[in-house]
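Q: Could you walk me through this model, with the cut-offs spelled out as we go?

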Amino acid sequence: SAERLQLKDEIKTLLKAKNAVLVAHYYTDPEIQALAEETGGCVSDSLEMARFGKNHPAETLIVAGVRFMGETSKILSPEKTVLMPTLEAECSLDLGCPIEEFTEFCDAHPDHTVVVYANTSAAVKARADWVVTSSIALEIVEHLDSEGHKIIWAPDRHLGAYIEKQTGASMLRWQGACIVHDEFRAKALKELKAQHPDAAVLVHPESPPSVVELADAVGSTSQLIKAAQTLPQNKLIVATDKGIFYKMQQACPDKEMVEAPTGGNGATCRSCAHCPWMAMNGLVAIRDALQEGGASHEIHVDEETRLKALIPLDRMLNFAE
Ligand code: 13P
Ligand code: SF4
């Protein structure tokens, strides 16, 4: 509509005026991803978002995603202003791993190396030895396990279980979950597979093990997009947030994509896998963040926490290079 076009123009003007760049996650709405692409920003997984923001010369990063992504950007780029469309975009993994309890858990096992998923607060990262994202978690745990480290893993229990299975490592696992991926159901997925016997199944490892077991490819958002391109099948059943279809369809325009079923309480739901916090990233909120900045949009991480969290984050980035 004319209104949305005008909003986008306003945002483009503001991005230039503020020397800002838009960094968006694959789970944000297609129009946000398109705008990031159009304006020289980036659309990517959480590892690449962190790297892009760090390396980009802009003075201001506007991070369309959830809070931990904004915090990670700020930890890596303290000299930049980091804005978010809303500071209320949380993540159930971050919320389910409060720093006080997590510190107690770690303190009870002082001989363990602490590995945390990027989906955590700056304070939890500051208590960790390593930060990992889903695209690098397997390699890092494999490396630590081969060196004989005892490992604490937090917070996603399903990703932790998947890593254990793949690497043979045995980890003390925090029992968090992603409210979106935890809803995928193996039984309904099996039924859907039976209806589409020619389809490949793509699954994000935050999904329950029974769902992961049915997959032809398991991986982070960027790895799933790559798998969609390289797998020979022309039909794909995809178990991750539906925001991913924008880029996945762009990457393989001729393939047919089917959303994997979710649903608790016996009710099966198709087209329900969408993170409510990612969905808070709208055009109006982006415009307001660029225009107003300040208390309701700017990410701050206290310097002591930042310096501590930077160590495990840098370890990950150096390992990934
Ligand atoms: P990745 O993009 O790193 O796979 O992360 C998935 C996720 O849940 C982000 O919210
Ligand atoms: Fe967190 Fe899941 Fe939402 Fe990602 S999709 S931000 S892991 S709740």
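The chat below goes through ligand surroundings, single residues and a strand pairing.

Q: Before we start, what kind of model is this, and how are things numbered?
A: This is a predicted model, where local features need pLDDT of at least 70 and side-chain atom pairs count only at pLDDT 80 or more, while totals for chains, interfaces and linings use all residues. Residues are numbered from 1 along each chain as its sequence is written, and chains are lettered from A and ligands numbered from 1 in the order in which they are written.

Q: OK, which residues surround ligand 1?
A: The shell consists of Tyr-27, Asp-45, Ser-46, Leu-47, Thr-133, Ser-134, Ser-135, Cys-178, Glu-206, Ser-220 and Thr-221, where a residue is near a molecule if its C-beta atom, placed from the backbone, lies within 6 Å of it. By class, the shell around ligand 1 holds 3 nonpolar, 6 polar and 2 charged residues, with Ala, Val, Leu, Ile, Met, Phe, Trp, Tyr, Cys and Pro counted as nonpolar, Asp, Glu, Lys and Arg as charged, and the others, Gly among them, as polar.

Q: And what does the shell of ligand 2 divide into?
A: For ligand 2 the division is 10 nonpolar, 2 polar and 2 charged; 14 residues surround this ligand, and the closest are Val-66, Cys-91, Cys-178, Val-180 and Cys-275.

Q: Back to ligand 1: is Ser-134 buried or exposed?
A: Ser-134 is buried because 26 other C-beta atoms lie within 10 Å, the rule being that 20 or more such atoms make a residue buried, 12 or fewer exposed, and anything in between partly exposed, with C-beta atoms placed from the backbone. Ser-134 sits in the loop between strand 6 (130–132) and helix 8 (137–146), where helices (H or I, at least four residues) and strands (E, at least two) are DSSP runs numbered from the N terminus.

Q: What does Ser-134 touch, then?
A: Not counting residues up to four places away in sequence, Ser-134 touches Leu-159, Pro-205 and Ser-220, contact meaning that the two C-beta atoms, placed from the backbone, lie within 7 Å.

Q: Which contacts does Glu-206 make?
A: Leaving aside neighbours within four places in sequence, Glu-206 is in contact with Asp-156, His-158, Leu-159, Cys-178 and His-181. Glu-206 is found in the loop between strand 9 (199–203) and helix 11 (209–212), and with 29 other C-beta atoms within 10 Å it is buried.

Q: Switching topic, where is the cis peptide bond?
A: The cis bond runs from Ala-154 to Pro-155, with omega near -10°, and Pro-155 lies in the loop between strand 7 (151–154) and helix 9 (157–167). Pro-155 is buried, with 26 other C-beta atoms within 10 Å, and its contacts beyond four places in sequence include Cys-97, Tyr-117 and Trp-174. The C-alpha atoms of Pro-155 and Cys-97 are separated by 6.3 Å, although the two are 58 residues apart along the chain.

Q: What about the phi of Asn-19?
A: Asn-19 has a positive phi of about 50° although it is not a glycine. Asn-19 lies in the loop between helix 1 (2–17) and strand 1 (20–25) and counts as exposed, with 12 C-beta neighbours inside 10 Å.

Q: Last one: how do strand 11 and strand 12 run?
A: Strand 11 (residues 235–239) and strand 12 (residues 256–259) run parallel and are joined by 4 bridges, pairing being called when DSSP finds at least two bridges between two strands. Within this pair, Val-238 stands opposite Glu-259 in strand 12.
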